[in-house]
Amino acid sequence: MTIPSDPKQVKQICFDRIHIPNLTKLSVARENGAYAFLPTVLKEFDAGKIIDEVKTSGLRGRGGAGFPTGLKWSFVPRNTGKPTYLLCNADEGEPGTFKDRDIMRFDPHLLIEGMIMAGFALDVQDAYIYIRGEFLYETNVMHAAIEEAYEANLLGDNILGSGFSMHLTVHRGAGAYICGEETALIESLEGKPGRPRFKPPFPAVEGFYRCPTVVNNVETLATIPAILEHGGDWHAQIGEPNNTGCKIFSVSGHVNKPGNYEVPMGTSLRTLIEDYCGGLQHGSVPKVIIPGGSSTPWLLAEHYDAPLTYDGMIKAGSMLGSGAIIVMDETADLIAVTRRLAHFYAHESCGQCTPCREGTGWLERIMNRVEAGQGREEDMQVLNEAAAHMAGRTICALADGAAAPILSLLKHFPEEVRARLVENVA
Amino acid sequence: MTTLYINEEEITVSAGTSILEACRSHGVDVPYFCYHPELSVAANCRMCLVEVEGWNKPAASCCTPVAEGMKIHTQTEAIKKDRQMVMEYLLINHPLDCPVCDEGGDCRLQDYAVAHGASHSRYVEAKRAATNHDLGPFVTTYMTRCIHCTRCVRFADEVAGTGDMGILNRSDHMSIAGIVEEACESELSGNLADICPVGALLDKPSHDVSRPWEMTHHQSTCTQCPNGCDINIESRGDEVMRIKPVEGSPEPWLCDRGRYVYDAFRSDNRILEPEVRQDGELLQATWDEAFDRAGDLLRGKRVGIIFSPYWSAEGLASIRLMRDAVFPDAKVAFDLHRRDMRPFAFEEGFSMTTQQIEDVEHVVILGSDLRQRLPLLMQRLRKRGNMGKPVSRIGAMNYRTNMSISSDAIIRPRDWPAVIARAMQQVSDLGQTAAGMDTWLAAVPDRHEAGKVLADSLMGETCALLVGEEIRSHVDAAALIHGLDLLMRACGHAEEGNDGRNLIPEGMNAQLLASAFGDIRTSAGDLFASASAGELDALVLIGSDPVGDGLFPSAAKAALSKVPLIQIGAIAGEIGNSAEVQLPAAAYSEVDGTFINMEGRIRVARQPIRSIGQARPLWKVMMRLAQALGADVPAVDMTELRDRMAAFAPELADVWKDKATEEVLVPVARNRDAEALPARLDSSFDLDVVSRYSMYREGMWARASDLLLAAGKLHALNDVIMHPETLAAKGLKEGEHTVRTFLGEHSCHIGVREDVSPGVLFVAKRGVAGDLSDVTAASIVGGQS
Ligand SMILES: Cc1cc2nc3c(=O)[nH]c(=O)nc-3n(C[C@H](O)[C@H](O)[C@H](O)COP(=O)(O)O)c2cc1C
Ligand code: SF4
Ligand code: SF4
Ligand code: SF4
Ligand code: FES
């Protein structure tokens with residue numbers, strides 16, 4: 001790897017070598033550092049040391065919730081007599097997010113290497129990549145890379161003579177957003193409909209087939225090789241305290257150069273959008289920024305200088321989420337946007353919790369009317385209450401995500417809604 | 001233990017309890033829909049939200065375990081608003097057709113809408129449509145009313161074990177469906193209407209006929225099987241509208257047999273008036289005329305008495321008193337399925353409670369179609385299975401259990417000695433034995449591999465042996481039961497208390513029957529034989545149907561062609577055609593009375609429904625009969641009757657003196673000295689005959705119930721079945737064949753099924769095969785052998 005060992009110099013981690021052509025081939029990947037440090041890990045590290053390094057690194061889950069990865073791993077009970085499973089969440093369904101896809105299609109071996117290391121730390125014999133059904137190309141890339149890895153004894157029995165054996169299987173989802181939620185993912189992988197489980201018990205204790213299970217996002221796992229090679233301390237010095245390392249942001253919307261950008265944590269929204277993404281298409285400041293995928297609350301122009309960290313986004317009133325930044329300039333029709341998102345959540349709700357099953361559909365139907373100029377003043381209060389009482393009251397966080405756009409719209413742009421009401425249109 | 005605070009009050013519950021259960025056990029009301037104490041937690045309705053101090057969002061109390069020092073509030077303004085919103089979400093797609101809904105007046109959604117809902121809905125969009133489903137004869141669906149709590153799905157998976165309810169689609173297209181149309185196969189299907197918190201799943205037979213508030217409730221005991229479930233009979237006036245389980249009783253469910261038999265109470269088959277046969281026809285008579293005629297037929301005669309175990313204890317006692325007063329030499333029979341009348345090492349009844357059976361290390365079922373015989377015990381075993389506890393089985397058929405049996409074997413009834421011997425051998429090889437075991441073992445030359453299943457099940461610290469009808473009705477039953485007793489001793493299960501020995505009785509009150517009639521008991525078959533041989537002058541039949549049920553229909557018919565029958569009871573049954581006199585006695589729903597179930601649990605019914613026609617409680621009819629035959633009336637009232645009966649079962653007296661029924665169990669009779677060695681069975685017939693029991697068709701009550709008969713048709717198998725290889729070995733195929741037995745030759749259609757033991761002729765007792773019930777062995781005419 002060519003990542004600088006001076007943390008101050010580090011600009012990218014997961015994407016460090018991603019520009020290299022044909023990296024999906026094992027030989028090319030190896031020429032560029034893939035699996036170079038793996039033998040050392042397998043020979044000289046043990047579970048305790050790996051988990052300590054990951055804890056020290058301050059790495060937080062890149063899938064959305066930002067839970068400290070080392071801590072999650074340390075919750076896994078040992079010697080239960082049951083197998084421990086490692087599941088890579090490659091469902092990437094959060095609207096606006098398209099980062100995991102690039103890791104998998106350009107540098108699959110980075111993910112595989114991260115999974116071997118994580119698996120070694122957790123004493124995993126069987127690991128799975130649950131990949132979004134629509135990612136056919138990426139699935140094929142992953143299959144080919146895994147096959148090469150097996151041939152090179154990087155996977156399978158007795159990996160590189162270390163005595164450690166781990167098998168890796170790719171499982172394609174069927175295109176349900178909810179299957180990205182970790183317990184729904186587990187249900188789906190077990191062959192059942194993807195309906196989230198209530199917690200506790202947490203997957204670390206009772207997950208896949210009720211055995212101890214770690215679910216991590218692609219980007220999280222792809223960060224592990226660099227952390228083990230350079231040390232947890234090194235990673236902890238990148239970015240900001242409690243918000244360490246680099247993060248890939250999938251930027252979309254009214255910017256001139258949308259795309260994936262990996263930057264050190266703490267970079268401001270303005271820097272990312274102006275310096276990396278070529279600025280906005282119209283105007284000088286955005287009207288709305290959704291910073292962490294469509295399920296996170298909206299930020300406004302006043303938050304343009306907020307740092308892109310977990311804490312910074314919470315302080316600004318939103319969440320870093322999956323790092324999917326949706327930028328809207330003054331040309332955006334926020335009611336149409338909200339209506340479309342309401343449709344998404346109503347369509348994707350798994351249907352088990354009353355507030356989510358009934359609430360998402362209700363919100364969508366009201367938004368349909370509002371967009372069509374059929375809304376009434378009282379709809380605004382109903383939207384507000386119906387959304388607010390979904391959030392935090394259900395089995396999983398989909399309901400919170402469904403409430404976020406509605407609550408943001410009504411909080412920040414009530415006048416735009418009001419202007420569309422039937423009273424005012426007529 | 002965990003200490004926490006609910007609404008400022010300190011309480012202590014065991015660790016891991018959910019907040020909801022902690023609240024329920026301390027009388028704090030938290031509303032819920034999806035939670036059900038007998039089902040797994042789903043946590044989907046979100047009605048049970050409570051506030052936990054220090055948490056940034058409300059907690060679903062059903063799925064949140066308590067924690068030390070937790071401070072919970074159930075009545076804050078925020079929580080009230082949350083409940084109101086959950087109600088509003090639920091009602092947006094609900095039709096609110098309470099006025100035409102059976103559930104109205106007894107509906108959780110309706111109650112909560114009043115208690116927790118807003119006064120009007122703000123929902124102005126279109127409501128969703130839904131598809132109804134055919135869920136069998138007892139459940140009707142109105143799926144627009146479904147609130148998606150998934151109780152029914154969990155019931156089908158966990159309790160019924162059929163798994164035939166499921167969820168289709170997601171979002172607000174999510175819907176509940178029978179996985180296959182018309183597939184609701186469960187013998188427990190009637191419970192679906194009870195567990196559905198709304199009017200989506202409704203009781204079909206009582207659909208659209210009555211409203212909950214018109215009902216009078218009568219607590220009673222179901223006598224349709226030895227489980228003796230507590231039942232709540234709901235009547236409008238004197239008419240039974242439906243039967244429901246009793247909240248807080250040991251079994252939260254009822255089986256479909258016990259629940260739907262109620263239409264028999266008003267069936268045409270009921271005996272409602274005294275009747276006397278004149279010129280070949282039964283005609284209505286006065287009580288006096290009927291007793292006069294009975295007196296003519298019985299006075300000074302040699303009489304055999306046959307009665308049903310299902311009468312109340314008081315009724316049974318009155319039979320004994322009547323017999324002692326007027327027929328002191330008469331033998332009685334109350335069992336239509338026992339061929340071997342030698343004393344059994346452990347007599348009919350359970351040494352364990354169903355809860356103990358649920359909890360033991362290992363359960364083994366020997367020769368019983370338990371799902372048909374004891375559907376609710378079967379569901380207890382299923383509950384064990386869900387917890388990963390083993391249940392093994394040996395029998396003549398892989399009877400359906402709707403659970404996965406840990407290990408099983410199919411055998412012929414004639415293999416039982418070899419099975420038990422094989423088990424003894426295994427135990428003996430480990431150096432364990434019991435006095436007398438070697439002698440027993442030496443009497444059996446063969447060993448049958450199925451014995452391993454048996455021995456393996458008994459090795460643990462605790463076990464429950466469930467001995468069923470294949471052994472109870474075996475010609476060598478006493479020897480087999482003695483062998484099992486020896487085996488249990490050898491395995492270290494000494495005889496004491498709840499020692500694992502459970503012989504499934506034919507009916508209720510087995511313990512009382514043994515103590516009250518043990519000295520004068522004989523087999524029904526013997527009574528019929530005596531009658532046919534001219535040793536009896538008349539038969540008195542009190543509430544059973546030996547022509548329609550049991551193992552002796554041919555013998556019964558032969559006897560009735562020789563001697564007159566005096567029938568006393570509630571239902572006439574098939575044998576009613578032969579009665580010279582019929583006297584009506586009240587149904588079990590219509591009496592003040594005491595019942596003992598297989599566990600020895602006592603129940604006293606005190607609020608009977610009014611009896612119909614001229615039916616009188618059996619004890620009054622018995623006393624009057626004694627009087628008509630010239631004896632002094634042995635007991636003039638219930639008190640006197642009960643005083644006399646206490647001699648047979650002192651536990652009953654304790655309960656009448658208001659000792660709590662939970663504290664009393666009537667013990668099962670034991671015959672420690674009963675030694676019986678297996679006999680060599682030489683049979684000229686190559687097939688063993690096993691009668692198949694159907695909960696929908698067995699018993700005179702069930703056959704008088706149109707509801708059960710209709711359901712029985714859906715669940716019917718071929719009348720006579722065999723393993724295909726047994727037929728093939730004779731060069732024969734499924735079809736019409738002639739079967740030869742000691743009774744002669746019968747022609748019948750023989751079907752095939754893989755799950756019956758080779759070498760067995762399986763006979764559904766009703767229908768064309770009725771006469772085959774009498775036999776234990778048969779051969780097929782034709783084919784090569
Ligand atoms: C509705 C919903 C959808 C989610 N979708 C994804 C997803 O597509 N990919 C993902 O990695 N995490 C997703 N998550 C988050 C996962 O539940 C889980 O937190 C994550 O996979 C943990 O990995 P991490 O600790 O590495 O972030 C989703 C969560 C919710 C509530
Ligand atoms: S919140 Fe919505 S998506 Fe999540 S479990 Fe409940 S109904 Fe399903
Ligand atoms: S049918 Fe009844 S029990 Fe089943 S999910 Fe609907 S409301 Fe619940
Ligand atoms: S299990 Fe037996 S006692 Fe209970 S309801 Fe059914 S038939 Fe009646
Ligand atoms: S009872 Fe708790 S969510 Fe339904």
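In this predicted model, strand E4(A) makes the largest contribution to the shell around ligand 1, with three residues. Strand E4 spans residues 213-217 of chain A, and it is joined by helix H16 (398-412) of chain A, each of the two supplying at least two residues of that shell. Of the 23 residues around the ligand, those that come nearest are Gly61(A), Gly63(A), Gly180(A), Asn217(A) and Thr220(A). By class, the shell around ligand 1 holds seven nonpolar, 10 polar and six charged residues.

The class make-up of this shell may be set beside that of the side of chain B that touches chain A, a contact described further below.

| Set of residues | Nonpolar | Polar | Charged |
|---|---|---|---|
| Shell around ligand 1 | seven residues | 10 residues | six residues |
| Side of chain B that touches chain A | 15 residues | four residues | seven residues |

**Chain A as a whole**

Chain A contains 18 helices and 10 strands. Its C-alpha trace extends over about 75 × 45 × 35 Å along the principal axes. The radius of gyration of chain A is 22 Å, which agrees with the value near 22 Å that a compact globule of 426 residues would have. Of the 426 residues in this chain, 58% count as buried. Among the contacts in chain A with a separation of 6 or more, 70% are made by residues 24 or more positions apart.

**The contact between chains A and B**

On the side of chain B, 26 residues are in contact with 26 residues of chain A. Helix H2 (residues 77-92) of chain B provides the largest share of the side that touches chain A, namely six residues. That side of chain B comprises 15 nonpolar, four polar and seven charged residues.

**A sheet in chain B**

Chain B also holds an open sheet of seven strands, arranged in the order E14-E13-E25-E24-E23-E15-E16, with mixed pairing. Strand E14 (281-284) and strand E16 (332-333) of chain B stand at its edges; each has a single partner strand, so one side of each is left without a neighbour in the sheet. For E14(B), pairing with strand E13 (residues 275-278) of chain B is antiparallel and is made through four bridges. Within this pair, Arg277(B) has Leu282(B) in E14(B) as its bridge partner.

Conventions
Residues numbered from 1 in each chain as written. Chains lettered and ligands numbered in written order. Predicted model: local features only at pLDDT ≥ 70, side-chain atom pairs only at ≥ 80, totals over all residues. Near = placed C-beta within 6 Å. Nonpolar A, V, L, I, M, F, W, Y, C, P; charged D, E, K, R; others polar. Rg over C-alpha atoms; globule rule 2.2 N^0.38 Å. Buried ≥ 20, exposed ≤ 12 C-beta atoms within 10 Å, placed from the backbone. Contact = placed C-beta atoms within 7 Å. Pairing = 2+ DSSP bridges.
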